[in-house]
Amino acid sequence: MNEDIPQLPSYDESSLDAAFATLAEEVRGETSSHVDAEAFRLRWLGRKQGRLKLISDAWLKSSPAEARKPLGMRFNQLKQQIEVALADAIAAPATSALKAGIDITLPGSVRAPGIEHPLLKTMHEVVAVFHHLGYSTALGPQVESDFYNFEALNFPPNHPARDTQDTLVLAGQQAKASRDRLLMRTHTSPVQIRTMIAEAPPIRIVVPGKVHRNDAADATHSPVFHQVEGLCVDTNITFSDLKGTLDHAMKALFGSGVKTRFFPSFFPFTEPSADVQISCIFCAGKGCRKCKHSGWIELLGCGMVDPAVFASVDEQRVAQGKEAAYDPAKVTGFAFGMGVERIAMILHGVSEIGQFYSGDMRFLEQFA
Ligand code: DAH
């Protein structure tokens, strides 16, 4: 006889009660801790080696006739108890896990949802202002040729204006003609050229993107930063359109109370060129430390597209078998470019540009 099967000392009612009570207790014990329902089923109800079958073989078969009925009754009760326990174990595995010491009623570990990085957020905000004016987004490569980054934008080789954009060049370019040499783009303006070569007017684009300069990092400079460029070319585009567009954009970004003013400036690819200033948002133009007591903050460059830029665009278009579409007697346009970091710093009162790149959660979480 299987050692696992308890001995039945006698067939009188009290012996039977005691024996079945022990078995019932055994079943309860097994299901009060984490129970694998299938293992439990096999152990008790298995057709050949199940405990119920073995016990029934051991006790029923050799029992005297008058003990069959009381034995059978108790077997049926035990079997019912086992089936109920099995159904519970199948239906509520989580309850079993709870019993095993994993308290599923405790709150889970909280996963904070991510947020847009403040720089990307600012970039998207700027772009959205122009999308509402009917502009679409254009993108260009960060590794750019000298031609698109400088020459076509009217920075001839060795021109002193190149000094304003100290450049990171790729190694091993010496064998190439100077216009084909690759560099990290210093501004998003080359996308103006790429777009105009590809498409005839009318053009209304905004160009968000990363740019690179050989600048030492300090509180307000970083060798890698971001710009949003804009270009509008059509018939009858005037400097008034440029002023109205940028005045609207600045009010949309900084609040309807800001004023703008345009100062003469120089960029090789625009004529005339201007720097745009907004009234200081910290002191409402009264003068404070942030605006160096001038009441104004300089924010972006802009101007009317220089005819020399149109000429070099058309030269490329014709070389590629397209029609010349940028005759300065017929089309005019304006362009502008702004630094995303600078706008984000002003909007959020950040005084160290490096904070944007630090990955310091204490800084970033403030924008959540
Ligand atoms: N590309 C210039 C820079 O990075 C910014 C700029 C100025 C862009 C005037 C323009 C513009 O499109 O018209 O300094």
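These questions and answers walk through a predicted model, from its ligand site to its sheet and backbone.

Me: How many residues surround the ligand, and which are the closest?
Reply: The shell has 5 nonpolar, 9 polar and 2 charged residues. The closest are His187, Ser189, Arg213, Gln227 and Glu229. In total, the residues that surround the ligand number 16.

Me: Which residue has a side-chain N or O atom 2.8 Å from an oxygen atom of the ligand?
Reply: Ser189 puts a polar side-chain atom 3.0 Å from a ligand nitrogen. Ala335 uses a polar backbone atom, 3.1 Å from a ligand oxygen. The side-chain partner at 2.8 Å from a ligand oxygen is Arg213.

Me: How much of the ligand does the protein bury?
Reply: Polar contacts include the backbone of Ala335, 3.1 Å from a ligand oxygen. Taken alone, the ligand exposes 360 Å². The buried part of that is 92%.

Me: Which elements give two or more residues to the shell around the ligand?
Reply: The shell holds 16 residues. The elements that give two or more of them are strands S5 (224–234), S8 (296–305) and S9 (332–339).

Me: Which strands are the edges of the open sheet?
Reply: The sheet has 7 strands with mixed pairing. Their order is S1-S4-S5-S9-S8-S7-S6. An edge strand pairs on one side only, and that fits S1 (136–137) and S6 (260–267).

Me: Which residue in S7 stands opposite Phe263?
Reply: Strands pair through backbone hydrogen bonds, either parallel or antiparallel. S6 and S7 (270–279) are antiparallel, over 7 bridges. Opposite Phe263 stands Asp275.

Me: How far apart are the end C-alpha atoms of helix H4?
Reply: H4 covers residues 68–91, which is 24 residues. At 1.5 Å a residue, the expected span is 34 Å. The model agrees, because its end C-alpha atoms are apart by 34 Å.

Me: Where does the cis bond from Glu271 to Pro272 fall, and what is its omega?
Reply: Most peptide bonds are trans. Another cis bond joins Pro201 and Pro202, with Pro202 in the loop between H8 and S4. Pro272, by contrast, lies in strand S7. The omega from Glu271 to Pro272 is near -5°.

Me: Is Asn236 buried or exposed?
Reply: Asn236 has a positive phi of about 60° although it is not a glycine. Asn236 sits in the loop between S5 and H9. The cut-off for exposed is over 50%. At 67% relative accessibility, Asn236 therefore counts as exposed.

Terms used: Residues are numbered from 1 along each chain as its sequence is written. This is a predicted model: local features need pLDDT of at least 70, side-chain atom pairs count only at pLDDT 80 or more; totals for chains, interfaces and linings use all residues. Side-chain values use heavy atoms; hydrogens and water are left out. A residue is near a molecule or strand if one of its heavy atoms lies within 4 Å of it. A polar contact is a pair of N or O atoms within 3.5 Å; within protein, one must be able to donate a hydrogen and the other to accept it, and residues adjacent in sequence count only if both atoms are side-chain atoms. Accessible areas come from the Shrake-Rupley method with a 1.4 Å probe; for residues, only the protein chains shown count as cover. Helices (H or I, at least four residues) and strands (E, at least two) are DSSP runs, numbered from the N terminus. Ala, Val, Leu, Ile, Met, Phe, Trp, Tyr, Cys and Pro count as nonpolar, Asp, Glu, Lys and Arg as charged, and the others, Gly among them, as polar. The expected span of a helix is 1.5 Å times one less than its number of residues. Two strands pair if DSSP finds at least two bridges between them. Buried means under 20% relative accessible area, exposed over 50%, partly exposed in between (1.4 Å probe, protein chains only).
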